[in-house]
Amino acid sequence: MVNIAIFASGSGSNAENISNYFKNKEGASVRLIISNKADAFVHKRAEVLGVKSVTFSKDDFEKTDLVLDCLRENQIDFIVLAGFLLKVPQNLIDAYPQRIVNIHPALLPKFGGKGMYGDNVHKAVVAARESESGITIHYINENYDEGNIIFQAKCEVLSDDTFQNVAEKVHQLEYLHFPPVIDSVIAELSKG
Ligand code: GRF
């Protein structure tokens, strides 16, 4: 059984979707949800899902091994970032090589990097008059949104789309694709 931890800083709709997907699947399960915000709605979702959730501060992440210790205590094998706004510290990257993936709500390398999260991304896509947007699922490294790309999916952006319209289309792609992509990455790892 591959034990997954999800890192989320906000609402956690992707965390919920991923947890539900693996509830009905053999081979992997979401064992832990970690947030850097004690009041993040993802904790409420975790409670309903029956998944353990914990909070660590920015300093905990960046200056201690508390998060790494927690992952090890919970026998975590794989980490999924789903709306996690901190940069992943080097101690976690070193401990989980090719075992940390992130989803970005745009077609990287465009519209990525520091500050490019949530609605900021969709506003930038609309302002740039892009004809398409989408999602990028990628491994993470020490820089925001720069790891090797695993998967991308696109949606059309119409000339009269608002950033909210774009956000909705992108969320639908996230819910459709993120869980099976995680599943296939884990299956590859399990082959050794
Ligand atoms: C999603 O749009 C995801 O692509 C981005 O952050 C958002 C998280 O939303 N990384 P939620 O917290 O999963 O609802």
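Let me start at Gly83: a polar atom of its backbone is 3.4 Å from a nitrogen atom of the ligand. Keep in mind that this is a predicted model. Two further contacts involve oxygen atoms of the ligand. One is with Asn14, where a polar backbone atom lies 2.9 Å from a ligand oxygen. The other is with Ser13, and there an N or O atom of the side chain is 2.5 Å from an oxygen of the ligand.

How much of the ligand does the protein bury? Taken alone, the ligand exposes 370 Å², and 86% of that is buried by the protein. The residues around the ligand include Ser11, Gly12, Ile103, Pro105, His171 and Glu174.

Now the sheet. It is open, it has seven strands, and its pairing is mixed. Going across, the order is β3-β2-β1-β4-β5-β6-β7. Which strands stand at the edges? They are β3, residues 52-55, and β7, residues 149-156. Each has a single partner strand, so one side of each has no neighbour in the sheet. On average, neighbouring strands are turned by 20° against each other, with direction ignored.

For β7, the pairing is with β6, residues 132-139; the two run antiparallel and are joined by seven bridges. Within that pairing, Ser133 is opposite Cys155 of β7.

Last, two helices. Helix α1, residues 13-23, packs on the sheet and touches β1, β2 and β4. Its direction makes about 160° with that of β2. Helix α4, residues 66-73, lies across β1, β2, β3 and β4, and runs at about 155° to β2.

Terms used: Residues numbered from 1 in each chain as written. Predicted model: local features only at pLDDT ≥ 70, side-chain atom pairs only at ≥ 80, totals over all residues. Heavy atoms only, no water. Pairing = 2+ DSSP bridges. Helix = DSSP H or I, 4+ residues; strand = E, 2+ residues; numbered from the N terminus. Axes fitted to C-alpha atoms, helices over the stretch in contact; angles between N-to-C directions. Contact = heavy atoms within 4.5 Å. Near = heavy atom within 4 Å. Polar contact = N/O pair within 3.5 Å; in protein donor to acceptor, adjacent residues only side chain to side chain. Areas by Shrake-Rupley, 256 points an atom, 1.4 Å probe, with all protein chains shown as cover.
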